[in-house]
Amino acid sequence: MAIIRRCLIVLLSMFSTAALAVTMGDDGLHKTTWMRETFKDLREDLADANAEGKRLMLIIEQRGCIYCAKMHQEIFPLPNIDAYIRENFFVVQLNMFGDVEVTDFDGEALPEKDMVRKWGMLFTPTMVFLPETVDDGQSAAQAAVATVPGAFGPGTTFGMLKWVEEKAYEGEESFQKYLARELSAQGN
């Protein structure tokens, strides 16, 4: 049964990748229809996400990143992951080496590349998940409920999205134990 499930996932991945062609922006970053074009004032983005009943997720990427390409071509287009992101997340993309001004929750405004450096982010892609409220004076890095550097497979990616959306981080169970339990329940 697990072999059949994996074969179906591979087939769906190939189909969805072809059906949902990834586009590239002028900045050399992958673009999806669920990414939001905003003024990159994170306080406003959080308010907009909350108004829609969604969680704010920042995704930091860079031109030529092979791991970003993997996520956009193989993981994000999977029907369950694509639908889950659309339904539950307000996604704002940041360019690790970009010059667009970003205003952090603490009020500091910097070009993307300097903001990413301020937060100590080193890898792309990096997904940063924010809570519904951020304390005064906190940066996005300080407020994050989870920060995921790197590319992961479908199970781990979907598990992280669910873990954040369900606020499982507020409980005693670590993400690793949550993921193991979820995968075990699915027969993987």
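## A tour starting from strand S3

Select residues 55-61, strand S3: seven of the seven residues are buried, so the strand is largely enclosed by the rest of the structure. The model you have open is predicted.

**Side chains of S3.** Show the side chains of the strand. Arg55, Met57, Ile59 and Glu61 point one way, while Leu56, Leu58 and Ile60 point the other way. Residues on both sides are buried, and buried here means under 20% relative accessible area.

**First neighbour, S4.** Next, add residues 89-95, which form strand S4. S3 and S4 pair in the parallel sense, over seven bridges. Two positions are useful for checking the register: Leucine 58 stands opposite valine 92 of S4, and glutamate 61 stands opposite asparagine 95 of S4.

**Second neighbour, S7.** Now add residues 126-129, strand S7. S7 and S3 run antiparallel and are joined by four bridges. What is the bridge partner of leucine 58 in S7? Valine 128 is that partner. Leucine 58 thus has valine 92 opposite in S4 and valine 128 as its bridge partner in S7.

**The whole sheet.** Add strand S8, residues 146-149. The four strands make an open sheet in the order S4-S3-S7-S8, and the pairing is mixed. S4 and S8 are the edge strands; each has a single partner strand, so one side of each is left without a neighbour in the sheet. From one strand to the next, the twist averages 15°.

**A helix on the sheet.** Select residues 42-51, helix H2. H2 lies across S3 and S4 and runs at about 135° to S3.

**The H7/H8 pair.** Move to helix H7, residues 154-165, and helix H8, residues 175-185. Their axes come within 10 Å and cross at roughly 115°. Angles of 65 to 115 degrees count as roughly perpendicular, and H7 and H8 are therefore roughly perpendicular to each other. The crossing is right-handed. To see where the helices meet, show Gly155, Thr156, Gly159, Met160, Lys162 and Trp163 on H7, together with Phe175, Tyr178, Leu179 and Glu182 on H8.

**Zoom out.** Finally, display the full chain. The protein has eight helices and eight strands. Of its 188 residues, 45% count as buried. Among contacts between residues at least 6 apart in sequence, 65% join residues at least 24 apart. With a surface representation on, about 9800 Å² is exposed, and carbon and sulfur atoms supply 56% of that area.

How values were computed: Residues are numbered from 1 along each chain as its sequence is written. This is a predicted model: local features need pLDDT of at least 70, side-chain atom pairs count only at pLDDT 80 or more; totals for chains, interfaces and linings use all residues. Side-chain values use heavy atoms; hydrogens and water are left out. Buried means under 20% relative accessible area, exposed over 50%, partly exposed in between (1.4 Å probe, protein chains only). Contact means heavy atoms within 4.5 Å. Accessible areas come from the Shrake-Rupley method with a 1.4 Å probe; for residues, only the protein chains shown count as cover. Two strands pair if DSSP finds at least two bridges between them. Axes are lines fitted to C-alpha atoms, for helices over the stretch in contact, and angles run from 0 to 180 degrees between N-to-C directions. Angles under 35 degrees count as roughly parallel, over 145 as roughly antiparallel, 65 to 115 as roughly perpendicular and the rest as oblique. A crossing is left-handed if the near helix is turned anticlockwise from the far one by less than a right angle, and right-handed if clockwise.
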